[in-house]
Amino acid sequence: MTHESRFDPMKELQNLGEQITRTVEKGIRTVTSSAEELLIDMYEADGNLHVCTQAIDGLVKDSIEISLESNVLTLSMRTEPEATPTDARYFLQERRFGPLTRHVELSVPVKGHEARAKVDSGSRLLITLPIDDSGFGNITVTPVD
């Protein structure tokens with residue numbers, strides 16, 4: 001006895017609906033991802049303002065740009081996924097890759113020209129900004145390992 005698969009239009013409609021839902025959700029996540037995706041901690045210690053990001057999957061280290069204009073610190077970078085087999089078929093893909101930008105308003109003045117930045121072994125961006133009691137200024141910060 002052969003068991004033939006019969007065409008089930010309701011099942012096909014359900015599968016199509018699930019595919020559309022996944023595609024729309026992925027598109028929405030792509031459009032809304034940016035600042036929400038780059039979480040940071042900022043604290044003062046030892047006369048410095050410290051900014052530490054979460055671990056950043058797929059961080060392209062030479063894409064990191066850090067700038068300080070007035071009292072707004074801007075972090076920009078790019079992430080890329082690791083290589084996957086060409087025939088891979090995802091069942092779930094929650095991590096986002098591409099450009100990331102985060103603007104953070106600083107509540108204390110800093111000496112931007114003395115800032116230091118590095119990426120640690122856990123793929124976290126760590127920025128140290130010496131606090132300056134003389135006031136805010138327009139300074140560009142470049143990362144240094």
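The following paragraphs lead through the predicted model of this protein chain, from its overall make-up to its helix and its paired strands.

The protein chain has 145 residues, of which 30% count as buried. Its secondary structure consists of one helix and seven strands, and, read from the N terminus on, these elements follow the order α-β-β-β-β-β-β-β. Among the contacts in the protein chain with a separation of 6 or more, 59% are made by residues 24 or more positions apart. The accessible surface of the protein chain amounts to about 10400 Å², and carbon and sulfur atoms contribute 51% of that surface.

Helix 1 covers residues 9-32, and L16 is one of the residues within that helix. Is L16 buried, partly exposed or exposed? Its relative accessibility is 43%, and because the partly exposed class lies between 20% and 50%, L16 counts as partly exposed. L16 also belongs to a nonpolar patch on the surface, which is formed together with M10, L13, I20 and V24 and which has about 500 Å² of accessible area when these residues are taken together.

Turning to the strands, four of them form an open sheet in the order 1-2-7-6, with antiparallel pairing. Strand 1 (40-45) and strand 6 (116-119) stand at the edges of this sheet, and because each has a single partner strand, one side of each is left without a neighbour in the sheet. From one strand to the next, the twist averages 15°. Within this sheet, strand 1 pairs with strand 2 (residues 48-53) in the antiparallel sense, and six bridges hold the record of that pairing; I40, for instance, stands opposite T53 in strand 2.

Strands 3, 4 and 5 can be followed through their pairings in turn. Strand 3 (residues 65-69) and strand 4 (residues 72-79) run antiparallel and are joined by five bridges, with E69 having V72 in strand 4 as its bridge partner. These two strands, strand 3 and strand 4, form a hairpin with two residues between them, and in the turn S70 has a positive phi of about 60°. Strand 4 pairs in addition with strand 5 (residues 98-105), again in the antiparallel sense and over eight bridges, and in this pairing S76 stands opposite T101 in strand 5.

Key
Residues are numbered from 1 along each chain as its sequence is written. This is a predicted model: local features need pLDDT of at least 70, side-chain atom pairs count only at pLDDT 80 or more; totals for chains, interfaces and linings use all residues. Side-chain values use heavy atoms; hydrogens and water are left out. Two strands pair if DSSP finds at least two bridges between them. Helices (H or I, at least four residues) and strands (E, at least two) are DSSP runs, numbered from the N terminus. Axes are lines fitted to C-alpha atoms, for helices over the stretch in contact, and angles run from 0 to 180 degrees between N-to-C directions. Buried means under 20% relative accessible area, exposed over 50%, partly exposed in between (1.4 Å probe, protein chains only). Contact means heavy atoms within 4.5 Å. Accessible areas come from the Shrake-Rupley method with a 1.4 Å probe; for residues, only the protein chains shown count as cover. Patches are made of residues with over 30% relative accessible area and no salt bridge: like charges are joined within 9 Å, nonpolar side chains (Val, Leu, Ile, Met, Phe, Trp, Tyr) within 5 Å. A salt bridge is a side-chain nitrogen of Lys or Arg within 4 Å of a carboxyl oxygen of Asp or Glu.
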